[in-house]
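Colleague: Hi, have you got a few minutes to walk me through this one?
Modeller: Sure, let's bring it up and go through it together.

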Amino acid sequence: GGEAVRAFSQRTESSRMLGAPLTISLGTLSLRLDGALLNRLGVIACGSGPRQTRLLASEALHALVLVAIGRTTSHPNQHGKGANLEDSIYVRVWPYVCSLASHSDSIIRALFRELLLQCCRLFSNRDCREQNEKTRAARYLVDALFEALAGHQASKRAQAAEALAEFVNWTCKQMRPAEVREEMSGVATGKGFDALAHVLRRVAFDLTQRDATRRLGAALALGKLARHVRAHSLILSRFGLHLLR
């Protein structure tokens, strides 16, 4: 992400767009990557067109995500807004990443599965407790994973459950015992995204829903992430009853 972002024009850094220079015979144009082009790449990559076209669209979308993450994480606390990208880029791109991480094509699946897991590790960082662009990207990622869990495609549900478990695992890894006590006591002073509490409460809530598919996805996620939280007695004491209702 950091290397990719440096390859793009710095003239767009002051705006909320994700742009890149496109040199043609008439001169250089500023190409916007986070608008209709993003959606078009996602549709082609997830579609049923020629395999080579889908692979090229997937590689382009993969590069776009890396650039966006590079801008977001390079200066996450700049004026509380990071690179100041439009929030909509993550709202739109995470569902494509979740879908492509369980794609039937082995090359596309391998490319985006690793990307998804890396993003779960990155956005589980403690920096996401602050109010900034990275916080919002983390929240949108978790929301996209829960939407994938509630879907009807079994492979997509399984991949979303694995990714959520990875998110919880790395959240727990990056919390010192004192921080765990602070978080679980409910006296934490951070005003950002309490990722661990959000995920566990959402799983507990979805387990009680009337929609059988949503309950199935939540049960699958619980089975994956339980092994990461059961070693933390404070976490279990706070959320155990919610998860067992």
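Colleague: Ala138, buried or exposed?
Modeller: Ala138 counts as buried, at 0% relative accessibility. By buried I mean under 20% relative accessible area, with exposed over 50% and partly exposed in between, using a 1.4 Å probe on protein chains only.

Colleague: And where is Ala138 found?
Modeller: In helix 6. Helices here are DSSP runs of H or I with at least four residues, strands are runs of E with at least two, and both are numbered from the N terminus. Ala138 and Asn125 are 13 residues apart in sequence, with 9.3 Å between their C-alpha atoms.

Colleague: Before we go on, what are we looking at, and how do you count things?
Modeller: This is a predicted model, so local features need pLDDT of at least 70 and side-chain atom pairs count only at pLDDT 80 or more, while totals for chains, interfaces and linings use all residues. Residues are numbered from 1 along each chain as its sequence is written, and side-chain values use heavy atoms, with hydrogens and water left out.

Colleague: Thanks. Which residues touch the most other members of the largest nonpolar core?
Modeller: Trp94, Leu116, Phe123, Leu145 and Val199, out of 53 residues in that core. A nonpolar core is a set of buried Ala, Val, Leu, Ile, Met, Phe, Trp, Tyr and Cys residues joined through side-chain atoms within 4.5 Å.

Colleague: Which helices supply at least two residues each?
Modeller: Helix 2, helix 3, helix 4, helix 5, helix 6, helix 7, helix 9 (195–206) and helix 10 (212–229). Helix 6 gives the most to this core, with nine residues.

Colleague: Tell me about helix 4. How many residues does it have?
Modeller: Helix 4 has 13, running over residues 88–100. From first C-alpha to last it reaches 19 Å, close to the expected 18 Å; the expected span is 1.5 Å times one less than the number of residues.

Colleague: Which of the helix 4 residues are buried?
Modeller: Ile89, Tyr90, Val93, Trp94, Tyr96, Val97, Cys98 and Leu100. What covers them includes helix 2 (36–46), helix 3 (51–74), helix 5 (106–123), helix 6 (133–149) and helix 7 (154–173).

Colleague: Cys98 is on that list. How many disulfides does the structure hold?
Modeller: Zero. A disulfide would be a pair of cysteine sulfur atoms within 2.5 Å.

Colleague: Why no bond for Cys98?
Modeller: Because the closest cysteine sulfur, in Cys120, is 7.8 Å from the Cys98 sulfur, too far for a bond. Cys119 has its closest cysteine sulfur in Cys120 too, at 7.1 Å, again too far. Cys98 is buried at 5% relative accessibility, and Cys119 is buried at 2%.

Colleague: Switching to charges: how many salt bridges are there in the whole structure?
Modeller: The search finds eight. A salt bridge is a side-chain nitrogen of Lys or Arg within 4 Å of a carboxyl oxygen of Asp or Glu. One of them joins the side chains of Asp105 and Arg51, at 2.6 Å from N to O. That pair links distant parts of the chain, 54 residues apart: Asp105 is in the loop between helix 4 and helix 5, and Arg51 is in helix 3.

Colleague: How buried are those two?
Modeller: Asp105 is buried, with a relative accessible area of 8%, whereas Arg51 is partly exposed at 40%.

Colleague: And what does Arg202 pair with?
Modeller: Arg202 meets Glu147 in a salt bridge at 3.8 Å, N to O. This pair also links distant parts of the chain, with Glu147 in helix 6 and Arg202 in helix 9, 55 residues apart. Arg202 meets Asp206 as well, at 3.7 Å, N to O. Asp206 and Arg202 both lie in helix 9, four residues apart, about one turn of the helix. Salt bridges that share partners join Asp143, Glu147, Arg202, Asp206 and Arg214 into one network.

Colleague: Last one: what is Ser58 in contact with?
Modeller: Leaving aside neighbours within four places in sequence, Ser58 is in contact with Ala45, Ile108, Leu111 and Phe112, where contact means heavy atoms within 4.5 Å. Ser58 is in helix 3 and is buried, with a relative accessible area of 1%.
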